[in-house]
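Work through these short exercises with the sequence and the model open. Try each task before reading its solution.

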Amino acid sequence: MKKVLVMGGEALKNQAKGPVTKHVLKRIAENPPPEDIRTIPAIIEDRCIMCGTCVNVCPSHCLGMDKENKDNGMIWILRPQCMWCGHCQTYCPKDAIHIDREPSLSNSLFSFNVRQDYDMLVAKGSYKGDTADKKLQELIEEGGKKIKEIEEFRG
Amino acid sequence: MTEYRSRFRTLTDGSDGPEDADHHIFIGPQHPWCEEPAHFIIHLKGERVVEADIRIGFNLRGIEKAMENRTWRQNTMLIPRACGICSAVHQNVYVRVVDRLAGVEDQISERARLIRMFSCEAERIHSHILWYGILAHDAGFDTLLHISWRDREIIMDIVEKLSGNRVNPALMLPGGVKRDIPKEKADWARPLLDELIKKVQYHRKVFVEEASITNRLKDVGVLTKDEAKKTTPNGPTARASGLPFDVRKSTPYELYDKIDWNLVCYPEGDVLATTLVRVDETLESLQMCKQILDQLESTQGELLVRVKQRIPEGTYMARAEAPRGEDVHYAIANGTDKPDRYKIRAPSLGNIDATLKRMDGEYIADMPVILRSYDPCFSCTNRVMLINENTGEKMILNQDEFARKAIKAKKYNRPFF
């Protein structure tokens with residue numbers, strides 16, 4: 001009987017205390033990641049001159065490029081393939097690569113219809129002219145097929 | 001002199017073992033580490049080890065071949081992935097090889113060299129703290145594991161703040177460094193380093209004075225100086241056996257000759273000595289980090305020298321002192337932007353033979369500690385299979401169960417099986 005009472009007191013205390021992980025969340029909120037932490041890169045379109053240095057320098061081949069000239073082309077980043085090394089930022093001649101401090105890693109994708117959604121999956125690339133539109137459409141269709149396959153697989 | 005039985009023999013069922021052994025223990029082979037995934041075969045007579053053997057080469061990831069398909073610039077980010085925890089040292093050696101081949105070795109400023117050194121020393125600190133925490137865990141002293149890993153976060157925070165990543169700082173580039181260490185960050189890091197020095201001194205006190213850990217490690221797995229000379233270990237394993245060899249002292253690279261530091265060397269050769277070598281080296285590295293931060297204030301210079309994409313023909317070999325020992329890289333350049341051949345020799349390979357020698361005549365209950373003594377980066381998938389030769393009975397243990405059994409056997413003086 002005595003033991004039950006002891007445990008009951010403990011239970012009541014825990015009820016009043018709230019979640020145990022509460023202080024963890026608070027600590028995370030108080031200590032944000034350092035300002036110049038390395039995460040997934042994003043390309044600033046206005047500065048990009050489509051030189052292709054970042055594509056040549058990327059060790060994990062996560063950057064792809066399809067271009068005709070300076071104002072007509074596309075550079076895209078495959079988010080899952082990136083290993084966060086920040087090499088593209090180091091070698092970019094125009095400082096056109098910005099590294100997000102808080103990357104939204106857990107974004108899920110619902111449709112492949114709008115460009116914004118595509119940006120969410122592949123991180124921010126550089127899109128210029130008709131070539132980009134065409135290429136983007138291709139990639140979207142490819143991605144749509146994959147999503148369909150996954151959905152079929154899941155049933 | 002006894003007959004020398006060659007190690008590295010192929011042996012799958014224990015039939016090849018020495019005659020007086022009655023049990024054979026297999027440890028391994030899944031160690032997805034650098035180039036040294038090891039499969040240990042331990043022959044026992046009763047509770048004592050008669051002989052230990054090893055088979056290696058299970059998990060060649062082909063990182064050297066992958067480097068031949070990438071440019072020198074891309075390889076700068078691939079090479080830290082050779083090892084999970086000593087990434088900065090691998091990158092440091094690579095970068096020095098490329099500097100020499102490209103002919104910009106003399107143009108690199110002192111400031112860039114100091115930042116490179118800071119990265120290497122910070123890595124040595126967190127690697128050593130991690131190691132002696134795990135050693136305490138293997139010896140059944142989990143309190144020290146928790147304390148040391150909690151304190152390790154201080155240096156991890158410093159590395160993250162200065163480089164942008166916790167274990168893969170990747171600060172170096174051919175021709176210099178990527179990022180500067182500005183004065184604000186140095187001022188922020190200095191009190192934290194002081195705090196960590198106090199905490200590591202406390203860890204040292206525990207290792208020297210606490211009976212429950214010293215009794216477990218003292219006179220266990222002794223490697224005498226003569227044996228060490230025959231089996232040629234490197235790094236802390238050699239320094240614990242009275243061989244005062246350190247690449248930073250013998251052939252100074254970067255600016256190690258312009259900084260005050262002492263070589264740590266212990267003559268005993270047991271597992272406690274290897275531990276104390278590493279703890280003392282941590283303290284030594286911490287005071288070196290403080291010195292580097294002080295010197296950075298008065299040193300100015302360009303951070304990055306331009307290195308061309310194409311590296312002219314030539315070969316070069318460089319080496320450095322990794323946390324585990326001597327790390328050797330050899331490169332052949334053929335005038336294009338890709339290497340013709342690149343060879344990495346990571347330090348643990350040199351320590352394997354000495355560790356096998358260490359096991360001879362020891363208790364099976366001491367194996368977890370001795371295997372850990374050369375810092376082999378064992379993965380969690382490590383398994384042990386015990387086979388009783390007479391009955392053919394098999395027993396599979398994971399590392400945890402093995403360690404627990406060993407601790408019990410040692411504590412209560414009970415037989416292992």
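This is a predicted model: local features need pLDDT of at least 70, side-chain atom pairs count only at pLDDT 80 or more, and totals for chains, interfaces and linings use all residues. Residues are numbered from 1 along each chain as its sequence is written, with chains lettered from A and ligands numbered from 1 in the order in which they are written.

**Exercise 1. Describe how H4(B) and H5(B) cross, and state the hand of the crossing.**

Step 1. Locate the helices: H4 of chain B spans residues 110–138, and H5 of chain B spans residues 142–163. Helices here are DSSP runs (H or I, at least four residues) and strands are E runs of at least two, numbered from the N terminus.

Step 2. Take the angle and the distance. The two axes come within 8 Å and cross at roughly 160 degrees. Axes are lines fitted to C-alpha atoms, for helices over the stretch in contact, and angles run from 0 to 180 degrees between N-to-C directions.

Step 3. Classify. H4(B) and H5(B) are therefore roughly antiparallel (angles over 145 degrees).

Step 4. Assign the hand. The crossing is left-handed, meaning that the near helix is turned anticlockwise from the far one by less than a right angle.

**Exercise 2. Which residues of H4(B) and H5(B) meet?**

Step 1. Apply the contact rule: C-beta atoms, placed from the backbone, lie within 7 Å.

Step 2. Pick out the residues. From H4(B) they include B:Ile125, B:His126, B:Ile129 and B:Tyr132. From H5(B) they include B:Leu145, B:Trp149, B:Arg152 and B:Ile155.

Step 3. Sort by class. This contact has 14 nonpolar, six polar and three charged residues. Ala, Val, Leu, Ile, Met, Phe, Trp, Tyr, Cys and Pro count as nonpolar, Asp, Glu, Lys and Arg as charged, and the others, Gly among them, as polar.

**Exercise 3. Analyse the contact between chain B and chain A.**

Step 1. Count. Chain B gives 12 residues and chain A gives 10 residues.

Step 2. Find the elements. On the chain B side, H2 (72–78) and H5 each give two or more residues. H2(B) gives the most, with four residues.

Step 3. Sort. The chain B side has four nonpolar, three polar and five charged residues.

**Exercise 4. Split chain B into domains and inspect their contact.**

Step 1. An automatic or database assignment sets the bounds: domain 1 is 23–60 + 360–412, and domain 2 is 63–345.

Step 2. The contact takes 14 residues from domain 1 and 18 residues from domain 2.

Step 3. On the domain 1 side, H13(B) gives the largest share, four residues.

Definitions and conventions:
Angles under 35 degrees count as roughly parallel, over 145 as roughly antiparallel, 65 to 115 as roughly perpendicular and the rest as oblique. Two residues are in contact if their C-beta atoms, placed from the backbone, lie within 7 Å.
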